[in-house]
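Biologist: Could you take a close look at a single part of this model and then work outwards from there, saying what pairs with what and what is enclosed?

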Amino acid sequence: MKPAELPPGRAFLHVKLLGGRAFADFLARAPHRGERLQLALELFGQRFTAEPVAAGAEPAFAGEAFFELPAGGSAAAAAAACGGGAVGTASAWGAADAAAGLGPGAAALGGGGGAGGGGGGHGCVDPLSLLALRQGLHVVVMQVSPLAAGEEAGEEAGECWGLRAQPHWAPGPGPGSAATAASAIVAAGRLAQRLSVRRLVCALGSAEWRTALVRRGKVVVSVQLGAGPGVLGGLPVSAAPAGLLTLQLELRPGFSGALDEALLRSQQRMEAARDADVMTAFVAHAKAWWGEYVSQNLAFKSRPIKVLATAEDGSQHPVCSFVRPLQLGRLLGSAREAARFVSLLRRREDLAPLPTAGQSEVAECWCLLHSVLASGSATKEEMAVLLAGLLLGFGLDAWVVVGRLADGAGHTWVMTRGLLAAPTFWEPATGVRYSATDVDTWPYATVGCVFNNLRLYANCQCDDSAFGTSYVLEDAALWRELPMPPSELPALPWSAIQLAPSPLAGAVLMTPAAAAAAAARAEKPAAGAAPGGMVVAAVDTAAVEAALEARLREAVAAHRRAALGAGCGPLRWDEGLSHLLMPALAAYEHEAVHCEVAPGNEEFQSAIRRCVPLGWVFKAMPQHHAHTCALLMAKALLEEDQMLDILGTTAATASFALRVKVFAYPEGLTSVWLMLAVKYSAVAPA
């Protein structure tokens, strides 16, 4: 991009990836099959994700991006640059520094000027006004690997999705030729494969982009990355660096004169000193508060009280620093949708590899919002913090709860308060809500403390059971408050981030014309084929559903041939019955989101009764998945007894039905429901 093409009056940081080197994990082992590395950057709420590259000690990261810098170097300007994605300021660093007098008007900076079109109106940037923007360029490197062996994406995706092996099944009616319709399903299969990956954060770091202010033109910097969250979501004991990333930075448009490097060092020292002083004062205050709390009752010492948490860089911060009221765009329309979104995140504990030599012990780690969204995974604590922030953004009185489950294990969940402080508990891992009348079903045993973005309360009640506790937090006799105003806390490098729409929301992919033609059993490419033998195919959830059904039907047919032999007879699919299953799948997702019975059950039962003749047997079984990996779906389908009972039906009149329903959520998360059914005559033919 040329300087003349940049919007006038605005400053940008041009970042170019020059590759990585010395990635320690791959110095000791060879990459697994299908394993790749993917890099994600974030600055002031703006994100850039590079294409995955082959895993190795020197990954060839490539790409470039422009990050808009807030005008004036203020927290309010940062919020404007981020699109107003959060309640309050978008940069906690900016708010804390403004309160400490570390802004561009501080004595150390000698005053400041405007940004954007500064420099006397000549389109140059005033570097002095940008010096106070201390938030670093956040870097996340992820190991990307298929969820199941054999799901490696490639140009032969059409064949591996089994469309040519489905002579008894073809795409339904629609616009265009059969080849065009088939190309959409092939493209949908490829997209489903791309979403069916495991992302494990393997390296984290922060680049000091302000280095570009002390030198005119392009600046090449090396960023040392630390090991990402390890086993059980914690930081590995080893402090060895995970690798190095080389970046090229340039401020666009240019500025009239570079800053003195000593000025940048002075600003960094002031920021570090401010954080150290604030943290020292907070720790002293927290220790005094803890002593007073325990003196009330020595038994309180064993209660789960969480005051400090370790951030992904290994530094400790008050727990309230991790919570922010979040309004992350228009893609989540309600608090209940937000809870469903959080529940679809993969548990990092389930994705982490087994401990390696020297990394068998871990310390707890709470990652930043960008790390959670980039990897699509989180620990139970991060899920609770994210859900509390989203509920606060929807205007609810939300609190993170630290307590224990019925089996004595520590746990973290979310509470909202209604009239008369009546609690509603939200389980982040499932999205299920428990009201005060659901005491017989909720899994929570005791409550130690609650906190949000402003304060922490420790439970002072003798009965600390989740049911017996009063949640009138304002009663000093029941709860002991530890105030945590953001201006008095060491700030985290946090920004509001707009959620990315799902790739299934109208993606357009290029599909090899040969695969499309073979899938449609056609001899020539589809009409509208793009140059180079490619077909342009629009992909949405319906196309992905059709692709998944094709793959699962192939798996069902293969299982019946293996289990029942050649005498099992032809496998008949009833398309009409498959269509009737859709309302049930929509109802299951409705119940998961809203925690209430979905309307329309009477109509569904009536339709099934009309479709199944009198004296016939109807069996159906649903299943839920939080991914689009067809291999894992087929494996789960063939491991469930009730599914196997349906598949083992040998009646000559048997007709099978299969329907898949995909619900797309932001950040590529999906909720997939499928139902397998069969109907057959209960009376054997004479």
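Modeller: In this predicted model, R36 of strand β2 stands opposite A54 in β4, and this pair belongs to an antiparallel arrangement in which 2 bridges join β2 to strand β4, residues 53-54. Strand β2 also pairs with strand β6 (residues 137-146), again antiparallel, through 7 bridges, and within that pairing L41 has V139 of β6 as its bridge partner. A further antiparallel pairing, over 4 bridges, links β2 to strand β3, residues 46-49, where A40 is matched with T49. The connection from β2 to β3 is a hairpin with 2 residues between the strands, and F44, in the turn, has a positive phi of about 50°. Strand β2 itself spans residues 36-43, and because 7 of its 8 residues are buried, the strand is largely enclosed by the rest of the structure. In a regular strand, side chains alternate between the two faces of the sheet.

The nonpolar cores come next. The largest nonpolar core has 74 residues, and those with the most contacts inside it are F341, L386, L390, F451 and M484. Helix α10 gives the most to this core, with 9 residues. Domain 2 (276-351 + 363-482) and domain 3 (541-681) both contribute residues, so this core lies between them. Apart from it lies another core, of 45 residues, and F44 of the hairpin turn is among them, as are F26, F67 and L213. Returning to M484, and not counting residues up to four places away in sequence, the residues touched by M484 include F282, V307, P318, L454, L456 and L489.

Helix α10 (residues 380-393) also leads to a sheet, since the helix lies across β16 (398-405), β17 and β18, running at about 10° to β17. That sheet is open and has 7 strands in the order β19-β18-β17-β16-β20-β21-β22, with antiparallel pairing. Its edges are formed by β19 (433-434) and β22 (479-483), and each has a single partner strand, so one side of each is left without a neighbour in the sheet. Helix α6 (residues 261-296) packs on this sheet as well, touching β21 (455-459) and β22, and the direction of α6 makes about 175° with that of β22. Further along the strand order, β17 (residues 410-417) and β18 (residues 423-426) run antiparallel and are joined by 4 bridges, with V414 standing opposite W426 in β18.

One charged residue deserves separate attention. R303 is found in the loop between α6 and β11, residues 308-310, and R303 is buried because its relative accessible area is 11%, where the cut-off for buried is under 20%. A polar atom of the R303 side chain lies 2.6 Å from the backbone oxygen of Q461, and a polar atom of that side chain lies 3.4 Å from the backbone oxygen of C462. Leaving aside neighbours within four places in sequence, R303 is in contact with Y293, R404, N459, C460, Q461, C462 and D464.

Key:
Residues are numbered from 1 along each chain as its sequence is written. This is a predicted model: local features need pLDDT of at least 70, side-chain atom pairs count only at pLDDT 80 or more; totals for chains, interfaces and linings use all residues. Side-chain values use heavy atoms; hydrogens and water are left out. Two strands pair if DSSP finds at least two bridges between them. Contact means heavy atoms within 4.5 Å. Axes are lines fitted to C-alpha atoms, for helices over the stretch in contact, and angles run from 0 to 180 degrees between N-to-C directions. Buried means under 20% relative accessible area, exposed over 50%, partly exposed in between (1.4 Å probe, protein chains only). A polar contact is a pair of N or O atoms within 3.5 Å; within protein, one must be able to donate a hydrogen and the other to accept it, and residues adjacent in sequence count only if both atoms are side-chain atoms. A nonpolar core is a set of buried Ala, Val, Leu, Ile, Met, Phe, Trp, Tyr and Cys residues joined through side-chain atoms within 4.5 Å. Domain bounds come from an automatic or database domain assignment.
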